[in-house]
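Let's take a walk through this structure together, starting at the N terminus and following the chain onward. Keep the view open beside the text and turn it as we go.

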Amino acid sequence: MELRVLRYFLAVAREENISAAAEYLHLTQPTLSRQLMDLEEELGKKLFIRGNRKITLTDDGVLFRKRAGEIIELVEKTELEFRSSGEVIAGDIYIGGGETESMRLIARTARVMQTRYPGVRYHLYSGNADDVGERLDKGLLDFGVIIEPFDRKKYDSLRLPAANRWGVLMRRDSPLAGLDVIRPEDLLDKPLLHSRQSRIQDSLQAWFGRDIESLNIVGTYNLLFNASLMVEEGVGYALCLDKLVNTTGDSCLCFRPLAGQQAAGMDLVWKKYQVFSKAAERFLELVREHIARQEK
C-alpha cells in the first residue's frame, strides 16, 4: 500500500466525487478509479458506495479514512522532524490537551520559545485524555496535558503547578446556586451533563457512591464550551473543572465545587522512551525551568 494511494483515497473521501478528486489530483478519472478499485481489492473490503453524483464511504471506508489520515499525518510529522534535525532549533511541536488553565504555562513556554527560536511552530490538538492518549500512542503528538489519574506505565510525566477543582456549572438562578459546595444527594434528581472521559467517569462514580448511569444523565460532552451553552439554556447541570468557563460579571452561570473533592492534578505527559526532536527537547527543558521557578 503506497502513500500516494492513501492520498488519492483521502481526496475522494473529501470531495465525495471521482471527477472533482481527479481534477484536484491532476489525474484522469479512469486512472483514479482504477487505483481505488485496486485498493479495495488489496484490502478485501468495499470502501465506497458509488452513486450517480456522489460517492459515500462504507463503514469500512470511514475506518480506513481515519487510519489513512493518521498515517499521512505521522509521515509528514516525521519528514518535518528529519528536515529540521540540524543544530538549529526549529521545526514543529505537537501538543494535545483538554480545556484547562494548566495550558497557560504551556502557552507561556511557547512564548519564550518563540522569542529565542522563531523557527519553531506549534500544533495544538484539543481533546480529552482518552483522545490525547490515543494520539500520543500513535506518535501523532509529542506531549499531552491531561488530568490525573492516567496510566503511568505508558507515559513519563511532569506535574504542572496549576490544579483544578471538580464541581458543577449551573445557572445563577438554579436552586443549587445558593450552596457553598455540592454534595452527592444534591444532584441525585438533577439533569446532568458529564465528560465522556473514561477515567473521569470512574472518579465521579466513586464520589457519588453509585454507578453514574443510574443518575439522571441527559448528555455527555468532550470539551466544555458547547456543554456550557446547554447549561445556559437550562438543559442541565455540567459536572466539570473550574476556571474553564467565564462565570464572572454579566455571565448567567456560576460554579460550585464538589464537597470533599481534592484538587485534580494536571500533568504534561509523553510516551516512555520517546525520542524528541531538538525543538521538543528544548521545549520540555523550558517547561521544567518554569515549574522550578514557580516552586521556589
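A good place to begin is His26, which sits in the loop between helix H2 and helix H3 (29-43). Keep in mind that this is a predicted model. His26 has a phi near 60 degrees, a positive value in a residue other than glycine. That is worth a second look, because most residues other than glycine have a negative phi. Is His26 buried or exposed? With a relative accessibility of 73%, His26 counts as exposed.

Now step back to the loop between helix H1 (3-15) and helix H2 (18-25), where you will find Glu16. Glu16 also has a positive phi, about 60 degrees, although it is not a glycine. Its relative accessibility is 33%, so Glu16 counts as partly exposed.

These stops fall within a stretch that carries a label in a record: an unreviewed UniProt entry annotates residues 1-58 as "domain: HTH lysR-type". In the model, residues 1-58 are 62% helix and 10% strand, and the C-alpha atoms at the two ends of the span lie 19 Å apart.

Next comes helix H4, which covers residues 59-83 and includes Lys77. Lys77 counts as buried because its relative accessibility is 5%. From Lys77, look across to Leu141: the two are 64 residues apart in sequence, yet their C-alpha atoms are 9.3 Å apart in space.

Helix H4 also gives us a salt bridge to look at. Glu70 pairs with Arg67, with 3.3 Å between the closest N and O atoms. The two are three residues apart in helix H4, so about one helical turn separates them. Glu70 is buried because its relative accessibility is 13%, while Arg67, at 35%, is partly exposed. The pair also belongs to a wider network of salt bridges that links Lys66, Arg67, Glu70, Glu134 and Lys138.

Let's move on to the strands. Strand E3 (residues 91-97) and strand E4 (residues 120-126) run parallel and pair over seven bridges. To find one of these contacts, select Gly96, whose bridge partner in E4 is Tyr125. What lies between the two strands along the chain? Helix H5 (residues 103-116) joins E3 and E4 in a right-handed β-α-β unit.

How many salt bridges does the whole structure hold? A search finds 22. One of them joins Asp156 and Lys272, whose closest N and O atoms are 3.0 Å apart. Asp156 lies in strand E6 (residues 155-164) and Lys272 in the loop between strand E12 (264-271) and helix H10 (278-295), so this pair ties together parts that are 116 residues apart in sequence. Asp156 is partly exposed at 28% relative accessible area, and Lys272 is partly exposed at 26%.

Follow the chain into helix H10 for another salt bridge, between Arg282 and Glu285, with 2.9 Å between the closest N and O atoms. These two are three residues apart in the helix, so about one helical turn separates them. Arg282 is buried, with a relative accessible area of 14%, whereas Glu285 counts as partly exposed at 35%.

For a last stop, turn to the surface. Val218, Met230 and Val235 form a nonpolar patch there, with about 210 Å² of accessible area together. Val218 belongs to strand E9 (residues 217-221) and is partly exposed, at 40% relative accessible area.

Definitions and conventions:
Residues numbered from 1 in each chain as written. Predicted model: local features only at pLDDT ≥ 70, side-chain atom pairs only at ≥ 80, totals over all residues. Heavy atoms only, no water. Patch = residues over 30% accessible without salt bridge, like charges linked within 9 Å, V, L, I, M, F, W, Y side chains within 5 Å. Areas by Shrake-Rupley, 256 points an atom, 1.4 Å probe, with all protein chains shown as cover. Salt bridge = Lys/Arg side-chain N within 4 Å of Asp/Glu carboxyl O. Helix = DSSP H or I, 4+ residues; strand = E, 2+ residues; numbered from the N terminus. Buried < 20%, exposed > 50% of the residue type's maximum accessible area, 1.4 Å probe, protein only. Pairing = 2+ DSSP bridges. Right-handed = clockwise from strand over helix to strand, strands pointing away. UniProt positions renumbered as here; feature names shortened; annotations may be inferred.
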